[in-house]
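Please walk me through this structure, contact by contact. I work at the bench, so keep it brisk.

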Amino acid sequence: MNPSSAFSRPPKICSIQVVDNCFMKCKMCYNWQKPKPENGLSNEDWKRFFTSLKSIAPAGTPVFLTGTGEPLAREGILDLIRDAALKGFLPQMPTNGYLIDEEMACRLSEAGLNGFGLSLDSLNEQTHDFLRGVEGAHARVMKAIGNLRKNKIGFSIMTTIMEKNLFDIIDLVKWAAQEKIEIRFQVVSKPFGKALDDDWYKRDEWKFLWPQDMAKTIEVINELIRLKASGYPIANAPGHLEIFKAYFENPLKPYRLRRCNAGDFLMNLDLFGNVHPCSAIGIWGNIKETSISELWFSEKAQGFREKIYACQIPCHHLINFFSE
């Protein structure tokens, strides 16, 4: 495709970053150590964005309220969910589940939340709490599951494969099948919020994150592929799981099924309204300065897409999310 070619497809997913701090102290993310950012977009700014998004995205488009932290900790998050739902979108979010008591689950249902992705690393309470850095985190997410079911809010489980929980993965899948819960896997990558070099996974400091027994790691992923074929509720495609195996064997090689297509379907906005489906390629523009239509359909935007297609950086987004 020529960079000047017209791009007419609307975004399939919109992801907005509503938080950039967290009360958890996860071992694979250290953004909780950063100071709380200031001057991010207000709730009123985001509401105006939802109105403008209607001009290019059809009703039913999923809108993820996310960030490097817990979205439910944002003040006024229920109001944002309600506004997105009233404007025809499907508001969804990832969560650690810690804040979802019975009252919160009821309020989320009333606001129109469409679905959750709950982080659950293991059925073993000690393992999950260690990885999340907060005692009682496991008990809270298990209660959250019950509260969401009671209020008929859809959800799935999100689990990151790493050394500390490697031998818990298969039991977790079998439990999910018994509970009729979909489970989606990611692979551990360079911890967020840490200035580490590309050889981080070779260092003793991170042995609790990076799988040490490669043969056993491949065996576990092969079993996931077998369970997927047998009808277990694993969301990842078999080819995606195959990429996980190759990644663990050589994390610095760029893996893809064909190419990264994040720019074709994902409208990703940071806390300040900057649009960038791929942070490595750069910012396309800001919603407070440029119309949403221009940010998505312009020749400049298509130029960014061309760069994304050709990108060979072995980023965790490509491995975990954006391979065609």
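Arg305 places its charged end over the ring of Trp296, 4.6 Å from the ring centre. Keep in mind that this is a predicted model. A lysine does something of this kind elsewhere: Lys194 lies over the face of Tyr30, at 4.7 Å from the ring centre.

Tyr30 leads on to the aromatic residues. Tyr30 belongs to one aromatic cluster, together with Trp32, Phe130, Trp200, Tyr201, Trp206, Phe208, Trp210, Tyr247 and Phe248. Across the whole structure, a search finds 16 aromatic pairs. Take Phe23 and Tyr98 as one of them. Their ring centres are 5.7 Å apart and their planes meet at 55°, so this pair is tilted. An angle over 60 degrees would be needed for edge-to-face. Phe23 sits in the loop between strand 1 (13-19) and helix 1 (43-53), while Tyr98 sits in the loop between strand 3 (90-95) and helix 3 (102-111). The pair therefore ties together parts that are 75 residues apart in sequence. Phe23 is partly exposed, because its relative accessibility is 32%.

Now turn to Trp210 and Phe248. Here the centres are 5.2 Å apart and the planes are at 65°, so the pair is edge-to-face. Trp210 lies in the loop between strand 6 (183-187) and helix 7 (214-229), and Phe248 lies in helix 8 (residues 238-249). These two rings therefore tie together parts that are 38 residues apart in sequence. Both Trp210 and Phe248 are buried. Both are also members of the aromatic cluster.

Next, the strands. Strand 1 and strand 2 (residues 62-67) run parallel and are joined by five bridges. Cys14 has Val63 in strand 2 as its bridge partner. Between the two strands the chain passes through helix 1, and this β-α-β crossover is right-handed. Strand 2 also pairs with strand 3, again in the parallel sense, over three bridges. Val63 appears here too: its bridge partner in strand 3 is Pro91. From strand 2 the chain crosses through helix 2 (residues 77-86) to strand 3, and this β-α-β crossover is right-handed as well.

Helix 1 brings us to the charged side chains. Side chains of opposite charge can pair when their charged atoms come close. The count for this structure comes to 16 salt bridges. In one of them, Lys47 meets Glu44, with the closest N and O atoms 3.4 Å apart. Both residues lie in helix 1, three residues apart, about one turn of the helix. Is Lys47 buried or exposed? Lys47 counts as buried, because its relative accessibility is 14%. Glu44, at 42%, counts as partly exposed. The two are also part of a network of salt bridges that links Glu44, Lys47, Asp79 and Arg82.

Other salt bridges lie elsewhere in the chain. Glu179 and Arg149 meet at 3.0 Å, N to O. Glu179 is in helix 6 (residues 169-179) and Arg149 in helix 5 (residues 137-150), so this pair ties together parts that are 30 residues apart in sequence. Glu179 is partly exposed at 31% relative accessibility. Arg149 is partly exposed too, with a relative accessible area of 34%.

One last pair is Asp204 and Lys207, whose side chains form a salt bridge at 3.1 Å, N to O. Asp204 counts as exposed, because its relative accessibility is 60%. Lys207 is partly exposed, with a relative accessible area of 39%.

Terms used:
Residues are numbered from 1 along each chain as its sequence is written. This is a predicted model: local features need pLDDT of at least 70, side-chain atom pairs count only at pLDDT 80 or more; totals for chains, interfaces and linings use all residues. Side-chain values use heavy atoms; hydrogens and water are left out. Rings of Phe, Tyr and Trp (its six-membered ring) pair if their centres lie within 6.5 Å; planes under 30 degrees apart count as stacked, over 60 as edge-to-face and the rest as tilted. Helices (H or I, at least four residues) and strands (E, at least two) are DSSP runs, numbered from the N terminus. Buried means under 20% relative accessible area, exposed over 50%, partly exposed in between (1.4 Å probe, protein chains only). A charge sits over a ring if NZ of Lys or CZ of Arg is within 6 Å of the ring centre and within 35 degrees of the ring normal. Two strands pair if DSSP finds at least two bridges between them. A crossover is right-handed if, with the strands pointing away from the viewer, the path from the first strand over the helix to the second runs clockwise. A salt bridge is a side-chain nitrogen of Lys or Arg within 4 Å of a carboxyl oxygen of Asp or Glu.
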